[in-house]
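Reader: I am new to this structure and would like to go through it by question and answer. Please show it before we start.

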Amino acid sequence: MTNQGGVTFGFISDQHPIINDMVNSIKKMVAAHSVQKCFLVNNTFAARPDVPNIMVSLNCPVNERKIKVPCRGLACTHFLCFDAAAYLVKSLCENRWTCPLCHKWTPFHELCIDGYFLHVLQSGLLEQLDFEIKVHRNGAWSVPGREYQSISYISA
Ligand SMILES: [Zn+2]
């Protein structure tokens with residue numbers, strides 16, 4: 001069900017003022033960029049020594065739309081993110097705070113913004129129909145089909 005372009009779970013919209021307030025307070029918790037890069041290189045590629053790059057979805061696993069505010073739990077060790085507002089609405093409605101990706105208990109105060117995804121989403125280089133990126137071993141990323149435009153990830 002949609003409401004003014006937002007997504008409604010039960011009776012709360014992801015554009016509800018309370019949800020906006022909660023998203024804004026999560027935005028103050030941006031995990032350090034360098035930490036994000038360590039996650040990427042160490043966790044994502046460590047188990048795959050022969051893989052030069054991986055495809056990473058920009059879609060939220062909760063509402064299956066492109067992520068607006070990239071979020072995950074402080075205890076999460078995966079590279080993928082979910083949308084902050086979609087997660088808040090779902091968790092409030094279901095009264096269950098578990099990460100949709102790793103299923104760890106992820107209460108509101110343990111949510112943070114993912115610096116890497118934020119950098120990608122705010123780069124201005126994504127087009128409306130770009131729903132995934134290719135992330136390279138060195139931390140650079142590119143849009144599939146537009147590899148000539150490989151973007152170096154700038155760590156803090
Ligand atoms: Zn997780």
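Reader: How many helices and strands does the protein chain have?
Author: Helices (H or I, at least four residues) and strands (E, at least two) are DSSP runs, numbered from the N terminus. From that terminus on, the elements run β-β-β-α-α-β-β-β-α-β-α-β-β-β. The count for the protein chain is four helices and ten strands.

Reader: What kind of model is this, and how are its residues numbered?
Author: This is a predicted model, in which local features need pLDDT of at least 70 and side-chain atom pairs count only at pLDDT 80 or more, while totals for chains, interfaces and linings use all residues. Residues are numbered from 1 along each chain as its sequence is written.

Reader: What is the mean pLDDT of the protein chain, and in which strand is confidence lowest?
Author: pLDDT is the predictor's confidence in each residue, from 0 to 100. The mean for the protein chain is 83, and 81% of its residues reach 70 or more. Confidence is highest in β6, at a mean of 96, and lowest, at 42, in strand β1 (residues 2-3).

Reader: In what order do the three strands of the open sheet stand?
Author: Two strands pair if DSSP finds at least two bridges between them. β5 (residues 70-73) and β7 pair in the antiparallel sense over three bridges, and β5 and β6 do so over two. The order of the open sheet is β6-β5-β7.

Reader: Why is one side of β6 and of β7 left without a neighbour in the sheet?
Author: In this sheet of three strands, the pairing is antiparallel. β6 (82-83) and β7 (111-113) each have a single partner strand, so one side of each has no neighbour in the sheet: both stand at the edges.

Reader: Which residue in β7 stands opposite C71, and which way does C71 point from β5?
Author: P70 and R72 point one way from β5, whereas C71 and G73 point the other way. These residues are buried, that is, 20 or more other C-beta atoms, placed from the backbone, lie within 10 Å of their own (exposed means 12 or fewer, partly exposed in between). P70 has D83 in β6 as its bridge partner. Opposite C71 in β7 is I113.

Reader: Which helix gives the most to the largest nonpolar core?
Author: A nonpolar core is a set of buried Ala, Val, Leu, Ile, Met, Phe, Trp, Tyr and Cys residues joined through C-beta atoms within 7 Å. The largest one has 26 residues, and those with the most contacts inside it include C71, F82 and A84. The elements that give two or more residues to this core are α1 (17-27), α3 (84-94), β7, α4 (115-121) and β8 (132-136). With six residues, the one that gives the most is α3.

Reader: Why is α3 largely enclosed by the rest of the structure, and what does A84 touch?
Author: Eight of the eleven residues of α3 are buried, so the rest of the structure largely encloses this helix. A84 is one of the buried residues. Contact here means C-beta atoms, placed from the backbone, within 7 Å. Not counting residues up to four places away in sequence, A84 touches V23, I26, V69, C71 and L111.

Reader: Which residues of β8 make up its covered face?
Author: Five bridges join strand β4 (residues 53-57) to β8, and the two run antiparallel. V56 has I133 in β8 as its bridge partner. The uncovered face of β8 holds E132, K134 and H136, and the covered face holds I133 and V135.

Reader: Which residue takes a positive phi in the hairpin of β8 and β9?
Author: Two bridges join β8 to strand β9 (residues 141-143), again antiparallel. K134 has S142 in β9 as its bridge partner. In the hairpin, four residues lie between the strands, and the residue with a positive phi, near 95°, is G139.

Reader: How far apart in space are L126 and V143?
Author: L126 is in the loop between α4 and β8. L126 is partly exposed, with 16 other C-beta atoms within 10 Å. Leaving aside neighbours within four places in sequence, L126 is in contact with L121 and V143. L126 and V143 are 17 residues apart in sequence, and their C-alpha to C-alpha separation is 7.6 Å.

Note on methods
Two residues are in contact if their C-beta atoms, placed from the backbone, lie within 7 Å.
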